[in-house]
Amino acid sequence: MVILRGEQRIEYELSKLTQLANPEKRHIQIMNGDTVYIPRAQQFYVYGEVNRPGAFRLEPKMTLMQAISLAGGFNPRASQRSMQIHRATAEGQIEKLSAKLSDFIREGDTVYVQESWF
């Protein structure tokens, strides 16, 4: 979160503020005329043979297993050994990576769970 107060820029990491044990330190003073900017949460996407495909909020150090859990887990047709992560490169190309449940997810990744053939 960023607060713009005139020419002053004050930055806060909301995730760290909510983890502080002392509630007094979580207090953020917003004054008249301040502009508050809260960036969009980082997201990743899951589609294919899962129960609830869609866009989900990325958490730090999230694994593929956790991502699939957010998508409701594998459906009965899913291949639990045949998954891909589609990831954009710096050049804007999409690379398709074979994935394991222990792989980490990055912002903007699209997870594809393929159908089992038998």
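A salt bridge here is a side-chain nitrogen of Lys or Arg within 4 Å of a carboxyl oxygen of Asp or Glu. With that cut-off in hand, here are the close-ups, all taken from a predicted model.

**Figure 1. Glutamate 59 and arginine 57 meet in a salt bridge.**
The N to O distance between these two side chains is 2.4 Å, which falls within the 4 Å limit. Arginine 57 has a relative accessible area of 52%, so this residue is exposed. Glutamate 59 comes in at 33% and therefore counts as partly exposed. The pair is one of six salt bridges that turn up when the whole structure is searched.

**Figure 2. The whole chain, for orientation, has two helices and eight strands.**
Follow the sequence and you get the pattern β-β-α-β-β-β-α-β-β-β. The protein chain has 118 residues, and 27% of them count as buried. Take the contacts between residues at least 6 apart in sequence: 54% of those join residues at least 24 apart. As for confidence, the chain averages a pLDDT of 88, and 90% of the residues score at least 70. Among the elements, H2 has the highest mean pLDDT, at 97, while H1 has the lowest, at 69, so keep that in mind when you look at H1.

**Figure 3. Three strands make an open antiparallel sheet in the order S2-S1-S3.**
Which strands sit at the edges? They are S2 (8-11) and S3, each of which pairs on one side only. From one strand to the next, the twist averages 20°. S1 pairs with S2 over four bridges and with S3 over three, antiparallel in the first case and antiparallel again in the second. For a landmark on the S3 side, look for isoleucine 3, whose bridge partner there is valine 36. On the S2 side, arginine 5 stands opposite glutamine 8. S1 and S2 form a hairpin with two residues between the strands, and glycine 6 in this hairpin takes a positive phi near 65°.

**Figure 4. Aspartate 34 and arginine 5 form a salt bridge.**
Their closest N and O atoms are 2.7 Å apart. Aspartate 34 lies in the loop between helix H1 (14-17) and strand S3 (35-37), and arginine 5 lies in strand S1 (residues 2-5), so the bridge ties together parts that are 29 residues apart in sequence. Is aspartate 34 buried or exposed? Its relative accessible area is 15%, so aspartate 34 is buried. Arginine 5, at 23% relative accessibility, counts as partly exposed. This is the arginine 5 that stands opposite glutamine 8 in the sheet view.

**Figure 5. Glutamate 49 and arginine 77 make a loop-to-loop salt bridge.**
The side chains meet at 3.1 Å, N to O. Glutamate 49 is in the loop between S4 and strand S5 (54-57), and arginine 77 is in the loop between helix H2 (64-70) and strand S6 (78-88). That makes this a link between distant parts of the chain, 28 residues apart. Glutamate 49 has a relative accessible area of 13%, so it is buried. Arginine 77 shows 48% relative accessibility and therefore counts as partly exposed.

**Figure 6. Tyrosine 47 and tyrosine 112 stack their rings.**
A search of the whole structure finds two aromatic pairs. In the one shown here, the ring centres are 4.7 Å apart and the planes sit at 25°, so the pair is stacked; the cut-off for that label is planes under 30 degrees apart. How many residues lie between these partners along the chain, counted as their separation? Tyrosine 47, in strand S4 (residues 43-48), and tyrosine 112, in strand S8 (residues 110-115), are 65 residues apart, so the pair links distant parts of the chain. Both count as partly exposed, because tyrosine 47 has 36% relative accessibility and tyrosine 112 has 24%.

**Figure 7. The surroundings of tyrosine 112, a residue of strand S8.**
Which residues does tyrosine 112 touch, leaving out those up to four places away in sequence? The contacts are Tyr47, Gly48, Ser82, Met83, Gln84 and His86. Tyr47 is the stacking partner from the previous view. Valine 50 gives another reference point: tyrosine 112 and valine 50 are 62 residues apart in sequence, yet their C-alpha atoms are 9.0 Å apart in space.

Notes
Residues numbered from 1 in each chain as written. Predicted model: local features only at pLDDT ≥ 70, side-chain atom pairs only at ≥ 80, totals over all residues. Heavy atoms only, no water. Phe/Tyr/Trp six-rings, centres within 6.5 Å; stacked < 30°, edge-to-face > 60°. Buried < 20%, exposed > 50% of the residue type's maximum accessible area, 1.4 Å probe, protein only. Pairing = 2+ DSSP bridges. Axes fitted to C-alpha atoms, helices over the stretch in contact; angles between N-to-C directions. pLDDT = per-residue confidence, 0-100. Contact = heavy atoms within 4.5 Å.
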